[in-house]
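Colleague: I would like to learn how to read a model of this kind, one feature at a time. Could we go through it together, with the general idea before each case?

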Amino acid sequence: MIFWLRSDGWNHQSGLGTRSRLVVTQLLLIRPRPQEDELFSSWLVRLAWSNGEKLHVFCRNRLKMSRGTWYRDPDRLAGPETIKLSAAATGLSEDCLLATTLSNYEGALYERHVRDGVARWIMPIGVKNRSRYLHGQQCCVDCLREDAAPYFRRFWRVAFMVACPRHGRLLLDACPSCGAPVSFHEGDFARRFTSDACLITRCSHCLMDLRQHVAPAAEPEFVRFQSDLAAAITTRWSVLPGDTAIYSLAFFDGLHHLLRVLSSNTKTRHIRTLLLHDESQFAFPTPFATSAMRFENLRVHDRYVLMKLLVRVMADWPWRFCEYCHRAHLSRSELMDYRRPCPYWLESEMKWHLNNHSYHPSVAERQAVKGYLSAHGMSCSTNNVARWLGAWYVSHGKERGLAEKPAC
Ligand SMILES: [Zn+2]
Ligand SMILES: [Zn+2]
């Protein structure tokens, strides 16, 4: 018996009911559920291949998705209509499928999800003719090796995730054999494989199985720090050193700001140089040739180095950070990014410890000093008032009242 499921949720038997303008989707015979933290595109690929069809044709004919689905980033772009169609074809709940998309990070990792264009913390995959030319898709080869049904995790698209929290090894962002970006959905493109012979773990260019690779281990201290960040996404709050609880949005905004400082090739690069020097490492320029370059665009090894520096800066917060800023002769104004607001937990420390501006007395303070000087018969000139307030002034002996300053 074949059932048809309309996208508005009505079930009715095949052949019954009238044809309508609504898209009618057949309930698939094989419907694997998304696994723990599985990425939407990974689930789509497994769904298509387990039903013995090629991915692109399957999405068009079975799921009624638009032709442009794989010409862009489906994990960022999947909207309510796509989710509804996928849910209708598989009998899964829309909430279950929505949790596989990157838009589900909204409110935890960033304030507003950006479907197209530059997105904070989400690495770009760079799609051209359904192929990927950037290295925004990462994977842990050990996780893939252990999976009964290998799949790609959603957090592998987050820029600060550079090591596997479970295995403590660096993630892979390119094929170890040919260097091509990880592009698991291309396994059946222009090939004569039957879909059930496709492997999601195989490089789409040279066909190497990524599970054969052995990734280098990451430092345990760094893996712990990164696990805390991952937990902050789930709980939506974090704890600063000193046991100050903070919302995850403000916390991640501040970390992003610090990573910009650490990775920039402007004057703030001196902090990076000093941190590396203290670890007996050579300083290096990051590939930030233009202001359009972002932390999310960096390859996994560059991000790993910068994230390790971030771990050192965040330890003993804010004292170590301020110490390195002082050593690098950096003030608050040189660390600020005035194009976007800086979270309070970071700006308050910079304002308090790294503010090189001279003291600016308020109008009320000036009036009070003027009143005092006038009452004691001393000069009320602007210069003398500034001197009494400890602000900048011109020293000359003729200024009346200079020698008469009482001890206070
Ligand atoms: Zn792993
Ligand atoms: Zn390859």
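Colleague: Leaving aside its neighbours within four places in sequence, which residues is His256 in contact with?

Modeller: Please keep in mind throughout that this is a predicted model. Once the neighbours within four places in sequence are set aside, His256 is in contact with Arg120, Trp121 and Glu296. His256 itself lies in helix 8, and it counts as buried because its relative accessibility is 15%, where the cut-off for buried is under 20%.

Colleague: Helix 10 holds Tyr304; is that residue buried or exposed?

Modeller: Tyr304 is buried, its relative accessible area being 9%. Beyond its neighbours within four places in sequence, Tyr304 is in contact with Val162, Leu170, Ala218, Glu219 and Phe222. Of these partners, Leu170 shows how sequence and space can be read side by side, for Tyr304 and Leu170 are 134 residues apart in sequence and 8.4 Å apart in space, C-alpha to C-alpha.

Colleague: Now to the charged pairs: how many salt bridges does a search of the whole structure find?

Modeller: The general idea is that side chains of opposite charge can pair when their charged atoms come close. In this structure the search finds 22 salt bridges. One of them joins the side chains of Asp142 and Arg145, with 2.9 Å from N to O. Both residues belong to helix 6, residues 141-146, where they are 3 residues apart, about one turn of the helix. Asp142 counts as buried because its relative accessibility is 14%, whereas Arg145, at 38%, counts as partly exposed.

Colleague: Which residue forms a salt bridge with Asp173, and where in the chain do the two partners lie?

Modeller: The partner of Asp173 is Arg299, and the closest N and O atoms are 2.8 Å apart. This pair links distant parts of the chain, since Asp173 sits in the loop between helix 6 and helix 7 (220-235) and Arg299 in the loop between helix 9 (269-278) and helix 10 (300-314), 126 residues apart. Asp173 is buried, with a relative accessible area of 4%, while Arg299 is partly exposed at 35% relative accessibility.

Colleague: Which residues are joined into one network by salt bridges that share partners?

Modeller: It helps to begin with one pair, Arg260 and Asp337, whose side chains meet in a salt bridge at 3.8 Å, N to O. Here again distant parts of the chain are linked, with Arg260 in helix 8 (residues 248-263) and Asp337 in the loop between helix 12 (332-335) and helix 13 (344-353), 77 residues apart. Arg260 is partly exposed, with a relative accessible area of 28%, and Asp337 is buried, with 5%. Through shared partners, the salt bridges join Arg260, Asp337, Arg339 and Arg340 into one network.

Colleague: Turning to the metal, which residues coordinate the zinc ion (ligand 1)?

Modeller: The zinc ion (ligand 1) is coordinated by Cys140 (SG), Cys143 (SG), Cys164 (SG) and His167 (ND1), at 2.1 to 2.2 Å. Along the sequence these donor residues follow the spacing C-x2-C-x20-C-x2-H. Among them, Cys164 counts as buried at 1% relative accessibility, and His167 counts as partly exposed at 23%.

Colleague: Why is the arrangement around the zinc ion called tetrahedral?

Modeller: For four tetrahedral donors the ideal angle at a metal is 109.5 degrees. The 4 donor atoms around the zinc ion (ligand 1) subtend angles of 105 to 114°, and the arrangement is therefore tetrahedral.

Colleague: Why is helix 1 described as largely enclosed by the rest of the structure?

Modeller: Helix 1, residues 40-50, is described in that way because 10 of its 11 residues are buried. The buried residues include Trp43, Arg46 and Trp49, and what covers the buried residues of helix 1 includes helix 2 (55-61), helix 3 (74-77), helix 4 (80-90), helix 5 (94-98) and strand 5 (131-132). Helix 1 is followed by Gly52, whose phi is positive, near 70°.

Colleague: At what angle do helix 1 and helix 4 pack?

Modeller: Two packed helices are described by the angle between their axes and the distance between the axes. For helix 1 and helix 4 the angle is about 35° and the axes are 13 Å apart, and the crossing is left-handed. Phe40, Trp43 and Leu47 of helix 1 make the contact with Thr82, Ile83, Ser86 and Thr90 of helix 4.

Note on methods
Residues are numbered from 1 along each chain as its sequence is written. Chains are lettered from A and ligands numbered from 1 in the order in which they are written. This is a predicted model: local features need pLDDT of at least 70, side-chain atom pairs count only at pLDDT 80 or more; totals for chains, interfaces and linings use all residues. Side-chain values use heavy atoms; hydrogens and water are left out. A salt bridge is a side-chain nitrogen of Lys or Arg within 4 Å of a carboxyl oxygen of Asp or Glu. Helices (H or I, at least four residues) and strands (E, at least two) are DSSP runs, numbered from the N terminus. Buried means under 20% relative accessible area, exposed over 50%, partly exposed in between (1.4 Å probe, protein chains only). Contact means heavy atoms within 4.5 Å. Donors are N, O and S atoms within 2.8 Å of the metal (3.2 Å for Na, K and Ca); water is not among the atoms, so sites may look incomplete. Four donors count as tetrahedral if all angles lie between 85 and 135 degrees; four count as square planar and six as octahedral if opposite donors are over 155 degrees apart and all others between 65 and 115; anything else is irregular. Axes are lines fitted to C-alpha atoms, for helices over the stretch in contact, and angles run from 0 to 180 degrees between N-to-C directions. A crossing is left-handed if the near helix is turned anticlockwise from the far one by less than a right angle, and right-handed if clockwise.
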